[in-house]
Amino acid sequence: MSGGLFPDITADDGLIHLPGFAASDTDALLALVADITARSPFRHMTTPWGKPMSVAMSNCGDVGWTADRRGYRYAAHDPIGGAPWPAMPELFRRLSENAATAAGFPGFRPDACLINRYQPGAQMTLHQDRDERDLTAPIVSVSLGLPAIFLWGGATRKDKTRRITLASGDVVVWGGATRLNFHGVAKLKASQRPEAVRINLTFRKARA
Ligand code: SIN
Ligand code: FE2
C-alpha cells in the first residue's frame, strides 16, 4: 500500500488502479451514458473478419472508434445515422483528466470516449489499443455496474496476464512505457439481476 488513497499500485507492472475514484459519480455517469446512447445507440460492431463483437459499443467526443469489415478506425460521424457522435459531457472530461493526473499523467486531454456495454457472457479478448495517432497520451478506463475481471498483459501477446477485479467506480490508467500493453476483459459472469450489465468508458486521445 502506498499509504494514500490514490493511486493503489498493487503491482509494479505499469497498470495504475484507482479503486473507487469515480464512485461518487457513477449514477451521474450512467445517466449521461443513457442520454448518449439514446442518440447513438449501442451496437455490436463487426470485426474485419466478419464476426460480430460480444461487447456492444457507442462513443462520444470529437471522434469515435469504429470497427467493420474495412478495419478499425476513428471517425467523426456515427456510421448509424451519419450524425456527429454526441459531445463528450463535461463530467466525463473532468473525471478522466483528474484520473490521469492522479495516475501521474497530467495534461491529458481526451478527444474520444468509447462506451462499452458488457452483458453476461460478453468478453474482450487480449488486444492492444493502437488505432490512436497520439501514443504519448495515456488510456483512462472507468468501470460502472457489474464487476469484471480485467486482464493486464505485457508487450507481447504471450506475456502472462494479471487478473484484476474492477468494481463499479474503479478507474484504471496506463501509458508511457506500457501504453501498448496487451489487455482484455474476461467473460462477464451472470448476475442475480438479469438486467444488470457492465459499462466501461475508455478515454483516449485519438488524434495527434
Ligand atoms: C477496452 O480495452 O477497450 C475495454 C476495457 C474494459 O472494458 O475494461
Ligand atoms: Fe483496449
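**Reading the surroundings of ligand 1**

Mentor: In this predicted model, a polar side-chain atom of His183 lies 3.0 Å from an oxygen atom of ligand 1. Local features need pLDDT of at least 70 and side-chain atom pairs pLDDT 80 or more, while totals for chains, interfaces and linings use all residues. Residues are numbered from 1 along each chain as written, chains are lettered from A and ligands numbered from 1 in written order, and side-chain values use heavy atoms, without hydrogens or water.

Trainee: Which other side chains have an N or O atom listed with an oxygen atom of ligand 1?

Mentor: A polar contact is a pair of N or O atoms within 3.5 Å; within protein, one must be able to donate a hydrogen and the other to accept it, and residues adjacent in sequence count only if both atoms are side-chain atoms. Here, the side chain of His127 places an N or O atom 3.1 Å from a ligand 1 oxygen, and for Asn200 the distance is 3.3 Å. Taken alone, ligand 1 exposes 260 Å², of which the protein buries 98% (Shrake-Rupley method, 1.4 Å probe).

Trainee: Which residues are around ligand 1?

Mentor: A residue is near a molecule if one of its heavy atoms lies within 4 Å of it. The residues around ligand 1 include Tyr118, Met124, Phe150, Val185, Arg198 and Arg204. The shell divides into four nonpolar, six polar and two charged residues; Arg counts as charged and His as polar.

Trainee: Which strands supply at least two residues of that shell?

Mentor: Strands are DSSP runs (E, at least two residues), numbered from the N terminus. In this structure β5 (112–118), β6 (124–127), β11 (183–185) and β12 (198–204) each do so, and β12 gives the largest share, four residues.

Trainee: Is His183 buried or exposed?

Mentor: Buried means under 20% relative accessible area, exposed over 50%, and partly exposed in between (1.4 Å probe, protein chains only). His183, found in strand β11, is buried because its relative accessible area is 4%. A polar atom of the His183 side chain also lies 3.1 Å from the backbone oxygen of Asn181.

Trainee: Where does Asn181 lie?

Mentor: Asn181 lies in the loop between β10 (171–174) and β11. With a relative accessible area of 7%, Asn181 is buried, and a polar atom of its side chain lies 3.0 Å from the backbone oxygen of Gly153.

Trainee: Why does Lys160 count as exposed?

Mentor: Lys160 counts as exposed because its relative accessibility is 77%. Lys160 lies in the loop between β8 (148–152) and β9 (162–166). The C-alpha atoms of Lys160 and Phe182 are 9.9 Å apart, with 22 residues separating them along the chain.
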